[in-house]
Amino acid sequence: MPLITLTNVSKSFGSRSVLRDINLKIETAEILVIMGPSGCGKTTLLKVIAGDLPPDQGTVTYGSFNKEAIGFILQRLNVFPWLTVRENIGFGLKGEPAIRARKIDEMVMLLGLIGSDHYYPSQLSGGMLQRVAIGRTLVLGPQIILMDEPFTGLDYARRRELHSVVRKLRESTGVSIVLVTHDIEDAIRLGTRIVVLSEGPGAIEAIHTDIHMLSDAEREAFGRQLLEGTDRKASVPSSAS
Amino acid sequence: MAPTLRTMAPFVFVLGFWCLGYEIGGFPPQLLPSPLAVLEAFIVQLGSQSFWIGLGVSIGRVFVGFMLSAVLAVPVGLLMTWNRGFRDSYTPLNNYIRYLPVAALVPLLILWLGIGFANKVAVIFIGTFFQLTIMLHDNFRQVPLGYLEAARWVGARNSLDLIWRVVLPYRLPYVMDDLKVALGWAWSYLLVAEIVAANSGVGFEIIQAQRFLQTQKLMALILVVGFIGVVFDWLFDRMNRTMFRWRLLEDHR
């Protein structure tokens, strides 16, 4: 059973239609990438999935998991400047101090923040801030993490580094990740599935599956196709399906 | 130039100007005593019990009046920021009182409260509270919505949680800045109230010195008031630096 199912979802703000007739299922342990041109309603879709915005039409149904198990990493990371890395990661944790400390330790290790965990955000690089934001959400043990353009403003190397962090995360924890990006590189490197939205009001234009099964060369070729295809309806090479 | 030298230079300049004025101005010492005479008067004051009692009384009045004002202004500032109904109905009254010169209220407060402790506390409270609420409201408004949204996604449950865990810890160093400014006003208003009517306190000592034409004592007391202000400022900055290291790092980024 899918974790979250969107059926015929539409959303408008006043007279401006933002999402149009979206049907989408989010499955366990997948990385679903939502792509599309600026203003096509990617962030709105993410907020609808999160249950933060009710759709005007259609329904959002949640599978057998606690809705609190949804984590949301916002476009601006908003790592709290008055807390250290450890305190930021532990912000939402409850329970005994010893258990909390252990969970924070694990997260610091997983995200490669050892040695920087007593720093304040102003002492960190953009990539590290990104990790703290991820850690602060992940430590709460979500079943789904929604990420809104989490790699914006990072250089190529940091981006690649975080790609592997996110992939590792899915493999080691089985968490589902829904990631909004306008970057094809992010999409083909991370996505197990890619949803392409049309120019606003966003409707689903194409869904590409099994991206993670592609070889590197196939993936590059697919990425080029996505980039070049003015209709953005590139198809996944047959070997993947 | 060493920081201490840099900070002392303007004081030395003012002192030099004073010496020059005294030497070539030919003013009578009842109008402009020499720096040396003022220093002498200051030393005499250090040995006088009434000076220390007056100082203690004044500091006590400022402390109580200012604390009362600060402790109440923080929740009112928060309410003004997060409760639109409260803000809309309360702000006009707050601003009306804010524009009333406190000095104009002193005679009325004497009628109501006498010339003792309660009167001084009331003057300080009225002089600072209605300014502080506006400053704190502005201060709390600076919290980026993103912090609140992010906190909500990682477990902050309600407005109280957000205020306690996000707004206050984030804005506290800046609240301290506001308090530092307001403390300066508290001193000023206390002196006004003590000079108008009191039977103790630094202001009372000042007006007594003026009545007896002890200008050197008068000036020594004024210098003491300024000095205490500088010490309070220093204490605030020191506290800010030790309590909120993150802000220091942020400022020097």
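Student: Which exposed residues does the face of H3(A) turned away from its buried side carry?

Tutor: Good place to start, and please keep in mind that this is a predicted model. The general idea is that an α-helix has 3.6 residues a turn, so residues three or four places apart point the same way. Here, the exposed residues on the face of H3(A) turned away from the buried side are A:Ala98, A:Ile99, A:Arg102 and A:Met109.

Student: And which residues of H3(A) are buried?

Tutor: They are A:Ile104, A:Met107 and A:Val108. These three lie on the same side of H3(A), because the arc they cover around the axis is only 100°.

Student: What do those buried residues pack against?

Tutor: Their partners are helix H2 (85–89) and H4 of chain A.

Student: Why does the end-to-end distance of helix H3 agree with its number of residues?

Tutor: Helix H3 of chain A, residues 97–110, has 14 residues, and at 1.5 Å a residue these should span 20 Å; the end C-alpha atoms are 20 Å apart, so the two agree.

Student: What follows H3(A)?

Tutor: Look for A:Gly112 after H3(A); its phi is positive, near 65°.

Student: Let us turn to sheets. In what order do the 6 strands of the open sheet in chain A come?

Tutor: To read a sheet, list the strands by their neighbours, then find the edges. In chain A the order is S5-S6-S7-S3-S8-S9, with mixed pairing. Strand S5 (70–73) and strand S9 (204–208) of chain A are the edge strands, each pairing on one side only. On average, neighbouring strands of this sheet are turned by 15° against each other, direction ignored.

Student: How many bridges join S6 to S7 in chain A, and do they run parallel or antiparallel?

Tutor: Strand S6 (residues 144–148) and strand S7 (residues 176–180) of chain A run parallel and are joined by 5 bridges. If you want one pair to look up, A:Met147 has A:Leu179 in S7(A) as its bridge partner.

Student: Which helix lies across S5 and S6 of chain A?

Tutor: That is helix H4 of chain A, residues 126–138, and it runs at about 165° to S5(A). You have met H4 of chain A already, as one of the helices that the buried residues of H3(A) pack against.

Student: Where should I look for a hairpin?

Tutor: Go to S1(A) and S2(A), which form one with 2 residues between them. A:Gly14 in the turn has a positive phi of about 65°. Strand S1 (residues 4–13) and strand S2 (residues 16–26) of chain A run antiparallel, joined by 7 bridges. Among the pairs, A:Phe13 is matched with A:Arg16 in S2(A).

Student: Which strand do 5 bridges join to S1(A), running antiparallel?

Tutor: Strand S4 of chain A, residues 57–62. A:Thr5 stands opposite A:Thr61 in S4(A).

Student: Now chain B: how many helices and strands does its secondary structure come to?

Tutor: Chain B has 11 helices and 0 strands. Of its 253 residues, 31% count as buried. The C-alpha atoms of chain B fill a box of roughly 70 × 55 × 30 Å along the principal axes.

Student: How many residues does the contact take from each chain?

Tutor: Chain B gives 13 residues and chain A gives 16 residues. On the chain B side, helix H7 (145–153), helix H8 (159–196) and helix H11 (245–251) each give two or more residues. H7(B) gives the most, with 5 residues. By character, the chain B side divides into 8 nonpolar, 2 polar and 3 charged residues.

Technical notes. Residues numbered from 1 in each chain as written. Chains lettered and ligands numbered in written order. Predicted model: local features only at pLDDT ≥ 70, side-chain atom pairs only at ≥ 80, totals over all residues. Helix = DSSP H or I, 4+ residues; strand = E, 2+ residues; numbered from the N terminus. Buried ≥ 20, exposed ≤ 12 C-beta atoms within 10 Å, placed from the backbone. Contact = placed C-beta atoms within 7 Å. Nonpolar A, V, L, I, M, F, W, Y, C, P; charged D, E, K, R; others polar. Pairing = 2+ DSSP bridges. Axes fitted to C-alpha atoms, helices over the stretch in contact; angles between N-to-C directions. Expected span 1.5 Å × (residues − 1). Arc of directions from axis to C-beta.
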